[in-house]
Amino acid sequence: MIFTNPSQSRESTLILEWGKHSLSFSVFHALDNRVLSTEVIELHMDLFDFTRQDFDKLIKENEIFAFSFQKIICLLDINYVSLVPRTFFEEAKIETYLKFNLNLPSGNLLYKSQSILSTDYEALYALPKNLVDAMESNFMNVSFNISNIALLNYFAKFTQLDKFFEIHFNDDFLSIFYYKENKLLFYNTFKYISAEDIIYHILNVMNELGLDNERELVYFSGQIMHETENMELLKEYVKYLQAMERSNKINYSSNVEAMPSHYFVQHYANCL
């Protein structure tokens, strides 16, 4: 049972993370500054293949959607993102920018943007219109954000290290962030299938940035496919590898505390 009384849900924020093949959610109760629950729902098709009826069915069948929330934040684990310097950004041209840079999926899409703190860039992205229509017709006060950009903005506000190299894993792609003196110097995403792919991308980026894999502290977060074997091999190439800790500015229920500390950091970043 997530809530001890009916009013708790109406005082809470529901954070939904829509991945390629899974939907994870966290419930944050602001008055207690506590994450009450974090859970995962498996999806049986690609997010962009869902029809409006599929989304409505998902909402109807899962108990978490039966509650009323103060607000709902939808995080999107999508790879259809492009960065544009703010000086060249025009909202009316988002679709044009994305179609020029990316091979977008078919279907009815919406085109949005999100600011990246401590940079001069806007993140442009495409998301399924069916998802937006289903969420906005069933719930009030719904917002949409890219999970990686939410992480970037969290790091910009709360990371005080002189240098910060971080790898975040989303489904079948990984993202690499590098900050120096509180400035974002590198951000990109890479598809991966095997541990060798992960190692190749990380070492290639470190080499490009002039970083020593034998000396640099590398943080990681997210849920990694075949985590044990992938991380064991990665440790052979990156000497100082450290799990990203969830924020200590928030309280967590016992079931959330029991999870690995690097899981769902992107959820809890939206509670601060």
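## Two asparagines with positive phi

Helices and strands are DSSP runs, numbered from the N terminus, with at least four residues (H or I) for a helix and at least two (E) for a strand. On that numbering, N141 sits in the loop between α4 (129-138) and β8 (142-146). The model is predicted. N141 is not a glycine, yet its phi is positive, at about 55°. Is N141 buried or exposed? With a relative accessible area of 52%, N141 is exposed, since exposed means over 50%.

N33 is another residue other than glycine with a positive phi, here near 50°. Its loop runs between β2 (22-29) and β3 (34-42). N33 is partly exposed, at a relative accessible area of 27%.

## F139, in the loop before β8

F139 lies in the loop between α4 and β8, the loop that also holds N141. F139 is buried, however, with a relative accessible area of 14%; N141 is exposed at 52%. What does F139 touch beyond its neighbours within four places in sequence? Its contacts there are I59, F65 and I72.

A distance helps to place F139. From F139 to T38, C-alpha to C-alpha, is 20 Å in space. In sequence the two residues are 101 apart.

## The six-stranded sheet

Six strands make an open sheet with mixed pairing. Their order is β8-β4-β1-β2-β3-β14. The edge strands, β8 and β14 (251-252), each pair on one side only.

At one edge, β8 pairs with β4 (residues 71-76) in the parallel sense, over five bridges. I73 has S143 of β8 as its bridge partner. Why can β8 be called largely enclosed by the rest of the structure? Four of its five residues are buried, so the description holds even though β8 is an edge strand.

At the other edge, β3 and β14 run parallel and are joined by two bridges. Here V35 is bridged to Y252 of β14.

## Strands β9, β12 and β13

β12 (residues 217-222) has parallel pairings with two strands, β9 and β13. With β9 (residues 163-170) there are five bridges. F165 finds its bridge partner in V218 of β12. With β13 there are four bridges. L217 is bridged to Y240 of β13.

Five of the six β12 residues are buried, so this strand is largely enclosed by the rest of the structure.

## Nonpolar cores

How many residues does the largest nonpolar core contain? It has 59. The members that touch the most others are L16, W18, I72, L76, M135 and F144. The element that gives the most to this core is α5, with six residues. Another core lies apart from it, with 22 residues, including I167, F186, I202 and V205.

L16 shows the contacts of one of these core members. Residues up to four places away in sequence are not counted. L16 then touches L23, S24 and F25. It also touches F65, I72, I73, C74 and L75, as well as M135. F65 and I72 are likewise among the contacts of F139.

## The largest pocket

The largest pocket holds about 340 Å³ of space. It is lined by 16 residues. Which of them are closest to its centre? They are Y154, F158, T159, M244 and E245. Two elements give two or more residues to the lining: α5 (147-158) and β13 (240-243). α5 is also the element that gives the most to the largest nonpolar core, and β13 is joined by four bridges to β12.

By class, the lining divides into eight nonpolar, five polar and three charged residues.

## H262, a buried loop residue

H262 is found in the loop between α8 (254-257) and α9 (265-268). At a relative accessible area of 7%, H262 is buried; the cut-off for buried is under 20%.

Its contacts, leaving aside neighbours within four places in sequence, are F220, S221, G222, E227, A243 and M244. β12 spans residues 217-222, so F220, S221 and G222 belong to that strand by the numbering of elements. A243 falls in β13 (240-243). M244 is one of the residues closest to the centre of the largest pocket. H262 thus touches the two paired strands and a residue of the pocket lining.

Conventions:
Residues numbered from 1 in each chain as written. Predicted model: local features only at pLDDT ≥ 70, side-chain atom pairs only at ≥ 80, totals over all residues. Heavy atoms only, no water. 1 Å grid on protein atoms, 1.4 Å probe; cavity = no way out; pocket = protein on both sides within 12 Å on 5 of 7 lines; lining within 4 Å. Points joined across faces, edges and corners; volume = space filled by probe spheres on them. Nonpolar A, V, L, I, M, F, W, Y, C, P; charged D, E, K, R; others polar. Buried < 20%, exposed > 50% of the residue type's maximum accessible area, 1.4 Å probe, protein only. Pairing = 2+ DSSP bridges. Core = buried A, V, L, I, M, F, W, Y, C linked by side-chain atoms within 4.5 Å. Contact = heavy atoms within 4.5 Å.
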